[in-house]
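Please open the structure in the viewer and keep the selection tool at hand. The stops below are to be taken in order.

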Amino acid sequence: MEKWPNNKAWLLVLPVFVIVAFSAIIPLMTVINYSVQDIFGPGQSLFVGTEWYRQMLGDYRLHEALWRQFLFSGLVLLIEMPLGILIALAMPKKGWGVPACLVTIALPLLIPWNTIGTIWIIFTRPDIGLFGAGMNNLLGIPFDHTARLLDAWITVMLMEVWHWTPLVALLAYAGLRAIPEAYYQAARIDGASAWSTFVYIQLPKMRGVLTIAFLLRFMDSFLIYAEPFVLTGGGPGNSTTFLSIYLVKIALLQFDLGPGGAFSLIYFVIVLLFSFIFYQALQRVGKGEKA
Amino acid sequence: MKLTLAWMVWTVPTAIFCITIILTVIAMTIWQTVSPSMERRGFLPIPTTPGDRFFIGVLTSVYIFFAWIGLTQFALWILLLIVVCWIVVVMIWG
């Protein structure tokens, strides 16, 4: 057992705490207030108790959006994590190729999210887009992301993978570069194959950065809004309506602040639970390495 | 500029809820300063500090609340009793 060290340095965190109190806790309390009332306008509201929670928890559109969200985040992680590691392994280790690769790979990360959506709208348009028109006219495969469910999902997934795999690749690359050369020399002496070098040296050594990449990718994809909103607007039908898109529809477009507040809190605690679980997992990974 | 809290549309139940949580956090901070506690293992699968246990208790209580509201029609005061007991149990033995 370690004794607790002197904790006075925590006072330095106080200014940040005050800012967070104003920017996060007060709005959160306001949302809690909204979620139990029917808001008609400024100064006009009616207490309704848990009615909005009952309504939102039983809302089949919310259920569908939630499963869609989990499917989306799951696919994102399944595709982006291995792909990012593969790209990192394939990247050059020295010479002029390193900066060239890093800059090229990082480019999608620098583009504003709304612009990403707009780029992909034009890129995948079935009549004039390079990808859309190419699929329809050159390959003869019917493709229309505005009308067909599967095409919309493929487009959103392609966009997401193109946009965020670089982050995983860069983190994995940083992890790879941090492995001392001596490990590889030892592996060569033992006559280890490329695969066993990967499984027994590179993967365990990358565990820390990969956990961070996993956390970031899960949270970002779970909270995704701008890109699919610009690209598909949640359609066709509701097939790409993720949680945040549905939430904005309720709270801002229909101006149902009460149900919107209840929805926000449900969304919030789901994010909170997963953040907590992943944070605990992250802590455990750190402890495993120390031992 | 007049500074009011009218835009936050406070209600009595939500005010009680928020004040209870804030007061508990403040009380636990003072308690921790007066008599520092260690991380320990209880029935929860991870080692926890009292703050962790309070967080876990409240977060799981929210899920219990959602299940109660979404799946049953029982009165809310029964839920309140269950949730308070649950948080106390987690705080002591968790």
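Which residues of the largest nonpolar core touch the most other members? The model is a predicted one; in it, select A:M56, A:Y246, A:A262 and A:F263, which have that role among the 24 residues of the core. Next, colour the elements that each supply at least two residues of this core: α2 (51–57), α3 (60–90), α12 (243–253) and α13 (257–290) of chain A, together with α2 of chain B.

Centre the view on A:Y246. Its contacts, leaving aside neighbours within four places in sequence, are A:R61, A:L62, A:A65 and A:T241. A second, separate core has 12 residues, among them A:W164, A:L167, A:Y173 and A:A213.

Now select helix α4 (residues 97–110) and helix α7 (residues 149–177) of chain A. Their axes lie 8 Å apart and make an angle of about 130°; the two helices are therefore oblique to each other. The crossing of α4(A) and α7(A) is left-handed. On α4(A), display A:I105, A:A106, A:P108 and A:L109; on α7(A), display A:W162, A:H163, A:P166, A:L167, A:A169 and A:L170, which complete the contact. By class, this contact of α4(A) with α7(A) comprises 9 nonpolar residues, 1 polar residue and no charged residues.

Finally, turn to the contact between the chains, which takes 24 residues from chain A and 17 residues from chain B. On the chain B side, select α1 (12–34) and α2 (50–71), the elements that give two or more residues. Of the elements there, α2(B) gives the most, with 5 residues. This side of chain B has 14 nonpolar, 3 polar and no charged residues.

Conventions:
Residues are numbered from 1 along each chain as its sequence is written. Chains are lettered from A and ligands numbered from 1 in the order in which they are written. This is a predicted model: local features need pLDDT of at least 70, side-chain atom pairs count only at pLDDT 80 or more; totals for chains, interfaces and linings use all residues. Axes are lines fitted to C-alpha atoms, for helices over the stretch in contact, and angles run from 0 to 180 degrees between N-to-C directions. Helices (H or I, at least four residues) and strands (E, at least two) are DSSP runs, numbered from the N terminus. Angles under 35 degrees count as roughly parallel, over 145 as roughly antiparallel, 65 to 115 as roughly perpendicular and the rest as oblique. A crossing is left-handed if the near helix is turned anticlockwise from the far one by less than a right angle, and right-handed if clockwise. Two residues are in contact if their C-beta atoms, placed from the backbone, lie within 7 Å. Ala, Val, Leu, Ile, Met, Phe, Trp, Tyr, Cys and Pro count as nonpolar, Asp, Glu, Lys and Arg as charged, and the others, Gly among them, as polar. A nonpolar core is a set of buried Ala, Val, Leu, Ile, Met, Phe, Trp, Tyr and Cys residues joined through C-beta atoms within 7 Å. A residue is buried if 20 or more other C-beta atoms lie within 10 Å of its own, exposed if 12 or fewer, and partly exposed in between; C-beta atoms are placed from the backbone.
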